[in-house]
Amino acid sequence: MLRAQLQNELWKLFGKRRTYIGFGAFVLAQSTMLLMFKYTRWESQFERLLAGNGYPASDYISALTVALVMLTPQILLLMPLYVTLVGGDMVAKETEDGTLRMILSRPISRVRLLWVKWMAGTFFSVVLVLALGGIALGFARILFPWKGMFVFGEPPHPVFSLFPPGEGLRLYLFSHLLMAMNAIAMMSVAAMFSCFNMKPAAATILALSYLFMSMVLEHIPFFEAYQNWFITHHFASWVLLFQSPTPWAQIIQSEIILLATSATAFVIGALAFQVRDIKS
Amino acid sequence: MIQLLNVRKKFGQRLVVADLSLQVERGEIYGLLGHNGAGKSTAIGMMLGQVWPTAGEVRICGHDVAANRGAALRAVGAIFETPVFYDYLSGWRNLQILSTYTAPTSEARIQEVIAWVGLTGREHSKVRTYSHGMRARLALAQALLPKPELLILDEPSDGLDPEGIHEMRETILRLQRELGLTILLSSHLLNEVDQLCTRIAILQGGRKVFEGSVAEVKSVHGRVELKTPDFPGATRWLRERGLITATLEGRFIILSAGHSTAEITQTLVAAGFAVEGIWQHEQTVEDFYMGLVSQQKETTKS
């Protein structure tokens, strides 16, 4: 029964046009970035950076390098928007539309219903991240060769790493697992707000405000000692994957915190959903 | 089938349902009447475990809804005013989705209810292409999917045209006749309640002000139309002698218990009032409801 319920929840989710806004926006943003990378001074700046450190640029200006460069701003800006949009809709949209009353005239428990919805949201988050990475790599491969991977990141997560194509691809794929964890945590926070008595847009805005506030506070020097308390600090763990040597302890800690955040958001959401009255 | 025991519901400081007790027996069509905000939808919400009572107990099919909602709603179907579906999906897919929230349902069963409500041929069209009447039929189909014993209808004719209202009324009667369902009907259409229900309860301001059978309501003397050149004088005279309790619309009188139209005619003629005509009107649920509401208003005022 759980399988059938999840399957139907996915029908509901992927049957809506607004679910595809994120995918469409990624295609648009990535194609624009790719053209900018190819036809502006962006590429030559990268070449200079590599040459200045003694590496032949021709070996590392590749599909993998460009895909990762294109991915970073979208993971930071676009992905939170689209996963919180879906998370914010989760319960609040059905309440607003009136379909929740019809569902809750049936013997399914609210916790079970939320669990199914949350699993569907998790599935969406993973698919969105995979689509994002896949589209980035696919687009980059059209204009750039399959060669080594160059990863450059500025503080607070400094990275300057070079990988052969095989190793680069492995890390690129693995980083998506960590990005998916970020997406699930963002979606869970929005879903939690969605369980309270509010409009879907309000749930999305609250979740985005929480993420934005966390990001701002994280970057204030005064709060440096408390960085572990900010969820956005842990979203950077996928970048750490490219550091050499890989700080596994830090990555695992961040992933556990993200998992715990998602679980906490689910529990709070389930409690709020369980005790509230559903009225037309 | 439905039992409410001293149920109360408060939203913040606002009392919406006050110590409501009612019982719906198997096989009957029970009407829940009341003005907007009388507490009907809240009472239905509590029956379905969508609204949690502040106090009291709600039992459906013998199960306490608060403690064992799953068992209580296993054999219950419900329709709400203005049926809402996932418009971007087909009627069939909507039924599939909704059925999984109760129990595994075969395709044959879905086909069966689609045929029963008369949607065959349109089940694979998107719901956004359905007319209001078709949506009402789809709502009925989803309510029938779990083979319910109890059907809760919250203003099912809301928004339907006269033809649709007639069709819905016939369907409700068919449901009881052919499937033997117990039906709780909340409606504003007093005429509909009159024709369908065996028993009714009237809510006002969250309180039950009447509960009884429709036959009982109709057996009470209704309005009597009195045609006389001096209606105000004649009715004042009758009222002073305790023969009538009220006058309506400047032409109707309500007789006091134990008095007949013949007695009224004789008394008026003997007192010198000309009586041009007097007619007994059978009391409808609407008459009864309106009388009760105005009586309640007067009581509140005084």
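What share of the 302 residues of chain B counts as buried? The answer is 41%. Keep that in mind as you open the structure, which is a predicted model.

**Stop 1: chain B as a whole**

Select chain B and show its C-alpha trace. Along its principal axes the trace spans about 75 × 45 × 30 Å. Switch to a cartoon view, and you can look for 11 helices and 14 strands. Now think about how the chain folds back on itself: among contacts between residues at least 6 apart in sequence, 68% join residues at least 24 apart.

**Stop 2: the six-stranded sheet**

Still in chain B, colour strands 6, 7, 8, 3, 9 and 10. In that order they form an open sheet with mixed pairing. Which strands sit at the edges? They are strand 6 (76-79) and strand 10 of chain B, each of which pairs on one side only. From one strand to the next, the twist averages 15 degrees.

Next, pick out residues 150-154 and 182-186 of chain B. These are strand 7 and strand 8, and they pair in the parallel sense over five bridges. To see one place where they meet, select Leu150(B), which stands opposite Thr182(B) in strand 8 of chain B.

Now add two helices to the view. Helix 5 (residues 132-144) of chain B packs on the sheet and touches strand 6 and strand 7 of chain B. The direction of helix 5 makes about 165 degrees with that of strand 6 of chain B. Helix 6 (residues 162-179) of chain B lies across strand 3 (29-34), strand 7 and strand 8 of chain B. Relative to strand 8 of chain B, helix 6 runs at about 160 degrees.

**Stop 3: loops beside the strands**

Select Glu155(B), in the loop between strand 7 and helix 6 of chain B. Its phi is near 50 degrees, a positive value in a residue other than glycine. Is Glu155(B) buried or exposed? Glu155(B) has 20 C-beta neighbours inside 10 Å, so this residue counts as buried.

Compare Cys61(B), in the loop between strand 4 (55-60) and strand 5 (63-64) of chain B. The phi of Cys61(B) is also positive, near 50 degrees, and again the residue is not a glycine. Cys61(B) has 19 C-beta neighbours inside 10 Å, so Cys61(B) counts as partly exposed.

Then move to Gly206(B), found in the loop between strand 9 (199-204) and strand 10 (207-213) of chain B. Because Gly206(B) has 22 C-beta neighbours inside 10 Å, this glycine counts as buried. Which residues does Gly206(B) touch, leaving aside those up to four places away in sequence? They are Leu15(B), Val16(B), Val17(B), Ala18(B), Ala38(B) and Gly39(B). Try the distance tool on Gly206(B) and Leu15(B): their C-alpha atoms are separated by 7.4 Å, although the two lie 191 residues apart along the chain.

**Stop 4: helix 1 of chain B**

Select residues 40-47 of chain B, which make up helix 1. Eight of its eight residues are buried, including Lys40(B), Ser41(B) and Thr42(B). After helix 1 of chain B comes Gly49(B), with a positive phi near 70 degrees.

**Stop 5: where the chains meet**

Show both chains together. Here 25 residues of chain B are in contact with 24 residues of chain A. On the chain B side, helix 1 (40-47), helix 2 (69-72) and helix 3 (91-99) each supply at least two residues. Helix 3 of chain B gives the largest share, four residues. The chain B side divides into 15 nonpolar, seven polar and three charged residues.

**Stop 6: a helix pair in chain A**

Finally, select helix 2 (residues 21-39) and helix 8 (residues 110-143) of chain A. They pack at an angle of about 30 degrees, with their axes 10 Å apart. The two helices are therefore roughly parallel to each other, and helix 2 of chain A passes helix 8 of chain A in a right-handed crossing. Among the residues making the contact are Phe23(A) and Phe26(A) of helix 2 of chain A, and Ile135(A) and Phe139(A) of helix 8 of chain A. The residues of this contact divide into 12 nonpolar, three polar and one charged.

One last selection in chain A is Pro245(A), in the loop between helix 12 (237-240) and helix 13 (248-275) of chain A. A cis peptide bond joins Ser244(A) to Pro245(A), with omega about 0 degrees.

Key: Residues numbered from 1 in each chain as written. Chains lettered and ligands numbered in written order. Predicted model: local features only at pLDDT ≥ 70, side-chain atom pairs only at ≥ 80, totals over all residues. Buried ≥ 20, exposed ≤ 12 C-beta atoms within 10 Å, placed from the backbone. Contact = placed C-beta atoms within 7 Å. Nonpolar A, V, L, I, M, F, W, Y, C, P; charged D, E, K, R; others polar. Pairing = 2+ DSSP bridges. Axes fitted to C-alpha atoms, helices over the stretch in contact; angles between N-to-C directions. Parallel < 35°, antiparallel > 145°, perpendicular 65-115°, else oblique. Left-handed = near helix turned anticlockwise from the far one by under 90°.
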